[in-house]
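Here's a quick briefing to read alongside the sequence and the coordinates. It goes from the whole chain down to one helix and one surface patch.

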Amino acid sequence: MNTTPPRTSLQAALRRPGRWAVLPVAVLAGAALGGGYGALKTPQYAATSYVIVVPAEKSDPAAALGFAQAYGRVATDIAVTGDAQVWAGVTADTLRRNVQAATSPDAPMISITAQSEQPAKAVSMADGVARALVLNSSHVAGSTGVKVVQFSRATKPIAPVSPSAPLSALVGACAGGLLGGLALLVRPKRAASRGEARHSRQASAPAGSAAVPAPATAAHQAEAV
């Protein structure tokens, strides 16, 4: 009968050298996949244009901050309905997917960031959306009491913002190591549960085998008669 406790079985499973081979293999596989992804993916470039919301004459200066938040939320919609896609030379769907507007809680300023595979295209998209906001604000300035003006034009990016192949490989290696470590933690628990099941079956076996020596006792009584 095997009386090895579950904790001893778990420690013995962890000492097996073959089990720990999973960790370096997972790290290498993750690094290879991450590096391949970084090498094959087309680099993305980002350009940012800035606009600022200013109050018109005899308007509340505090209203500019509120309108800046509003214009930041609908920047891409205004650009699509305006002429930004014509100025940038892209479709409306491309503007929606690759342009993001961010606002500041302290200043009535809006940053418009566009990403593209071509640096010049990213610049034209960011400036096109900014120009659309300026024109739209001038059309409704009489009712809003504010207008949007160009604060800073986008500059041509010189380096991509997408992760490079070495960085992607490092991220993939970390992810692979994490998955390999989780696999090592899960498998010993399963082995320990199987060991406990075997131990319980072996512990219950003598109860059913107690009647086995009975024929030998009966034979001995027959010889005595």
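The accessible surface of the chain adds up to about 13,900 Å², and carbon and sulfur atoms account for 62% of that. Keep in mind that this is a predicted model. As for the inside, 28% of the chain's 225 residues count as buried.

**Overall fold**
- You'll find 10 helices and 4 strands in the chain.
- Starting at the N terminus, the elements go α-α-β-α-α-α-α-β-β-α-α-β-α-α.
- Take the contacts between residues at least 6 apart in sequence: 78% of them join residues at least 24 apart.

**Helix 3, inside and out**
- Helix 3 spans residues 62–73, and its buried residues are Ala64, Ala68, Tyr71 and Gly72.
- These sit on the same side of helix 3 because they cover an arc of only 100 degrees around the axis.
- Their cover includes strand 1 (45–55), strand 2 (99–103), strand 3 (109–116) and strand 4 (146–152).
- Helices pitch in too: helix 4 (75–81) and helix 7 (119–139) are among what covers the buried residues of helix 3.
- Flip to the face turned away from the buried side, and you get the exposed residues Ala62 and Arg73.

**A nonpolar patch on the surface**
- Leu178, Leu179, Leu182, Leu185 and Val186 make up a nonpolar surface patch, together offering about 500 Å² of accessible area.
- One of them, Leu179, belongs to helix 9, which covers residues 165–208.
- Why does Leu179 count as exposed? Its relative accessibility is 58%, and the cut-off for exposed is over 50%.

Terms used. Residues are numbered from 1 along each chain as its sequence is written. This is a predicted model: local features need pLDDT of at least 70, side-chain atom pairs count only at pLDDT 80 or more; totals for chains, interfaces and linings use all residues. Side-chain values use heavy atoms; hydrogens and water are left out. Buried means under 20% relative accessible area, exposed over 50%, partly exposed in between (1.4 Å probe, protein chains only). Helices (H or I, at least four residues) and strands (E, at least two) are DSSP runs, numbered from the N terminus. The arc is that of the directions from the helix axis to the C-beta atoms. Contact means heavy atoms within 4.5 Å. Patches are made of residues with over 30% relative accessible area and no salt bridge: like charges are joined within 9 Å, nonpolar side chains (Val, Leu, Ile, Met, Phe, Trp, Tyr) within 5 Å. Accessible areas come from the Shrake-Rupley method with a 1.4 Å probe; for residues, only the protein chains shown count as cover. A salt bridge is a side-chain nitrogen of Lys or Arg within 4 Å of a carboxyl oxygen of Asp or Glu.
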